Amino acid sequence: MANKSIYKRWWFWLLSIIVIIILVQACSGGKSTPAPTPAPNSSTPQTSTPQEYKLNDEVKAGNIGYAASEVKRSTKIGQNQYLQKTTENEYLLIKVKVSNNDKETRTIDTSLFKLKDAEGKEYSAMAEADMYVNTDNSFFLAQVNPGTSKSGYIVFEIPKNLKGLKLQVSSGLGWSGGQYQIINLGQ
């Protein structure tokens, strides 16, 4: 029997389809794709700026609840002398509690968070920093069951002494996202 290319084997395609299904489910938090929201008509009043919350406020974005309770700045992150990371810029560490108010398990990750400064510049959270600051309670694609929560730090690398910082939180990953709230960090 001649050697078949891996792409011609039935099990390769079956395995590929299973992996794709798992990734789609993880990104959507186990939800199916919602129907598109109709565009608002011109007679509907629009608010140009969403409500801003402050530290320790309970914030709801869709079925996910957030509470940011602590903000720290440092040039070094890490739990011990062997696992550390330094920067010539500045790390902004934000302690957050993420609660699942949905009826199904939700996937949370650092990509649910964006940082905005006074000039409107947007900064992404450092996914790789999770292992430096959350050794016991990782945010990397964590599954949170209904009625439970997960606490830990989100890390952003920013220029030193950056001011006017606001944390944007999302209603979910992938298709379950799309609703956002703003937490003024008082920095």
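This passage describes a four-stranded sheet, the nonpolar cores and the surroundings of Lys95 in a predicted model. Residues are numbered from 1 along each chain as its sequence is written. Because the model is predicted, local features need pLDDT of at least 70 and side-chain atom pairs count only at pLDDT 80 or more, whereas totals for chains, interfaces and linings use all residues, and side-chain values rest on heavy atoms, with hydrogens and water left out.

Four strands (DSSP runs of E, at least two residues, numbered from the N terminus) form an open sheet in the order 2-3-4-9, with antiparallel pairing, where pairing requires at least two DSSP bridges between two strands. Strand 2 (59-61) and strand 9 (149-158) each have a single partner strand and stand at the edges, so one side of each is left without a neighbour in the sheet. Strand 4 (residues 84-100) is joined to strand 9 in the antiparallel sense over ten bridges, and Ile94 stands opposite Ile154 in strand 9.

The largest nonpolar core (buried Ala, Val, Leu, Ile, Met, Phe, Trp, Tyr and Cys residues joined through side-chain atoms within 4.5 Å, buried being under 20% relative accessible area, exposed over 50% and partly exposed in between, with a 1.4 Å probe and protein chains only) has 30 residues, of which Phe113 and Phe156 touch the most other members. Apart from this core lies another, of nine residues, including Ile77 and Tyr153.

Lys95, in strand 4, is partly exposed, with a relative accessible area of 30%. Its C-alpha atom is separated by 4.4 Å from that of Tyr153, 58 residues apart along the chain.
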